[in-house]
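I opened my notebook to look up charged pairs and ligand surroundings. Here is what I wrote down as I went.

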Amino acid sequence: MVTRREAVSLVETLREESLEGRKARRVSVTEACSGRVLAESVRAQRDDPTRSTATMDGYAFDATEAYPFEVVEFAVFPEDDPPTIEVDQAVRVATGAPIPERANAVLKKEEATVENGTLSGPEIEPGTYVYEQGSNVSAGEQLFEPGEQLAPRDAILLHDLGIESVSTCDPFDVGLVATGTEIHEGRSRDLDSPMLAALVRSWGHVPTVEGSAPDEYDRVVRAIEETAASHDVVMTTGGTSVGKKDHVIRALDSLGEVIFHRVRIRPGKPLAAARLPDHDAVAFAIPGKPVGAHTVASLVVRPFFTETDDIATIPATAAADVTVSVPGFEYAIPVRLRDGDAIPLGHATSELDVYGDTFDPSVLSSSTRATRADGFVLTEDGFEQGSTVDVTPHTVLEP
Ligand SMILES: Nc1nc2c(c(=O)[nH]1)N[C@H]1C(S)=C(S)[C@@H](COP(=O)(O)OP(=O)(O)OC[C@H]3O[C@@H](n4cnc5c(N)ncnc54)[C@H](O)[C@@H]3O)O[C@H]1N2
Ligand code: MOO
């Protein structure tokens, strides 16, 4: 059994290995910024801004010189080229207009006194009301690293620098296979695959629900093998535990190398990851119960797909005591957030009463209504009513 951190670090190594041999493709910045991973670094080809501009309407001049300045005839607007001025001259500028090479400051219009074409006013420092050339980005600067996953906000900087396309790795193709005779025969609905498909998509990759296999060793092996042959990643659900019909881990062992099985986190402990080198694929075996499946997919599998393993939290006040029964695990305790309080959902005092005071991940994990939580508290020891707890909102891990 490995800790969550150990598991995440192994998953990150898998990610690096998988990205290494990946085909790069140039795509438009617009397409790339919905979650594509960069294959190459991106450097600025030019300064930004390309020239120094005024940030206020007023007069531009060299502020290392003393008043008065002769105000030249014309005025400069954002669409204009800056004029050449002499050391004792100033020029009218509009907000956003380029300032002359010789100027280094702008005096606001309302502070300026102009009489007979001569400007005077208060002393100002060089740099006042000037957005300086290269102050946003200087030419040659590396702005994005290979492996970074681009987000919608990145389109602003890339487009501003005139970059229209970038080299990206193709997203991972993920084949989802639900194991379980009850699922295969339609006696129970497959709740995991659609949820996992949506998670994978939200992380910027391409899921396909491949179907199901009954709890028969040969059928499980075949389903994994067939899926690995046509996908980069196989994600199975169910069959990860120690029951007689739990074949997935043995199947992965026969097809490749199991990197870890069981993580010190609950719900979702029996998660496994494997390399399937014959098919140039990797596999994640996700435990069957949907809430546990969601928890470990978000906390441990996500760093394979996204560049980050950060788990941001916000503080809240625990609304009830929650104890844990078995030490040595991290427990993801679902909570609702209300006016700064974290109300443990599933606790006897909450609207969903499935576990009393002591957190029981096995029953919680069976309760599909626990998905109505706003987030979870990751804790090894539980918490006391009134104490401050760190809540990870679900939106942090499923954008
Ligand atoms: N004796 C022990 N039993 C169990 C242990 C243990 O250590 N000793 N571990 C428990 C833990 S923790 C978990 S988590 C589960 C893991 O279960 P499996 O991954 O083996 O899943 P199954 O046995 O196949 O199914 C469990 C449960 O989940 C339902 N399920 C499965 N797949 C789906 C799906 N795609 N959609 C909806 N529901 C699904 C399945 O019907 C079962 O009800 O094992 C504990 N047992
Ligand atoms: O890890 Mo399991 O989902 O605790 O029951």
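**Ligand 2**

I began with the side chain of Ser365, where a polar atom sits 3.2 Å from an oxygen atom of ligand 2. I count a polar contact as a pair of N or O atoms within 3.5 Å; within protein, one must be able to donate a hydrogen and the other to accept it, and residues adjacent in sequence count only if both atoms are side-chain atoms.

A note on the ground rules: this is a predicted model, in which local features need pLDDT of at least 70 and side-chain atom pairs count only at pLDDT 80 or more, while totals for chains, interfaces and linings use all residues. Residues are numbered from 1 along each chain as its sequence is written, chains are lettered from A and ligands numbered from 1 in the order in which they are written, and side-chain values use heavy atoms, with hydrogens and water left out.

Back at ligand 2, I found a polar side-chain atom of Lys289 at 3.0 Å from an oxygen atom of the ligand. Lys269 uses its backbone instead, with a polar atom 2.8 Å from an oxygen atom of ligand 2.

Which residues surround ligand 2? I listed Arg266, Pro267, Gly268, Lys269, Pro270, Lys289, Pro361, Ser362 and Ser365 (near means a heavy atom within 4 Å). By class, I noted three nonpolar, three polar and three charged residues (Ala, Val, Leu, Ile, Met, Phe, Trp, Tyr, Cys and Pro count as nonpolar, Asp, Glu, Lys and Arg as charged, and the others, Gly among them, as polar). I also checked the domains: domain 1 (4-22 + 171-306) and domain 4 (314-397) each give at least three residues to this shell, with bounds from an automatic or database domain assignment.

**Ligand 1**

Next I turned to ligand 1, which has 20 residues around it, and Glu182, Asp190, Leu191, Thr240 and Ser241 come nearest. I sorted the shell of ligand 1 into six nonpolar, six polar and eight charged residues.

For backbone contacts, I noted that a N or O atom of Ser241 lies 2.9 Å from an oxygen atom of ligand 1. Polar backbone atoms of Gly288 and Lys289 lie 3.0 Å and 3.4 Å from an oxygen atom of ligand 1. The protein covers 69% of the 870 Å² of accessible area that ligand 1 has on its own (Shrake-Rupley method, 1.4 Å probe).

**Salt bridges**

How many salt bridges does the whole structure hold? My search gave 13, each a side-chain nitrogen of Lys or Arg within 4 Å of a carboxyl oxygen of Asp or Glu.

I looked first at Asp232 and Arg22, paired at 3.0 Å, N to O. Asp232 is in the loop between helix H6 (217-230) and strand S16 (233-237), and Arg22 in the loop between helix H1 (4-20) and strand S1 (24-28), so this pair ties together parts 210 residues apart in sequence (helices, H or I, at least four residues, and strands, E, at least two, are DSSP runs numbered from the N terminus). Asp232 is partly exposed at 22% relative accessible area (buried is under 20%, exposed over 50%, partly exposed in between; 1.4 Å probe, protein chains only).

Then came Arg36 and Glu31, at 3.1 Å, N to O. Arg36 is buried at 16%, whereas Glu31 is partly exposed at 37%.

I closed with the network of salt bridges that links Glu17, Glu257 and Arg275.
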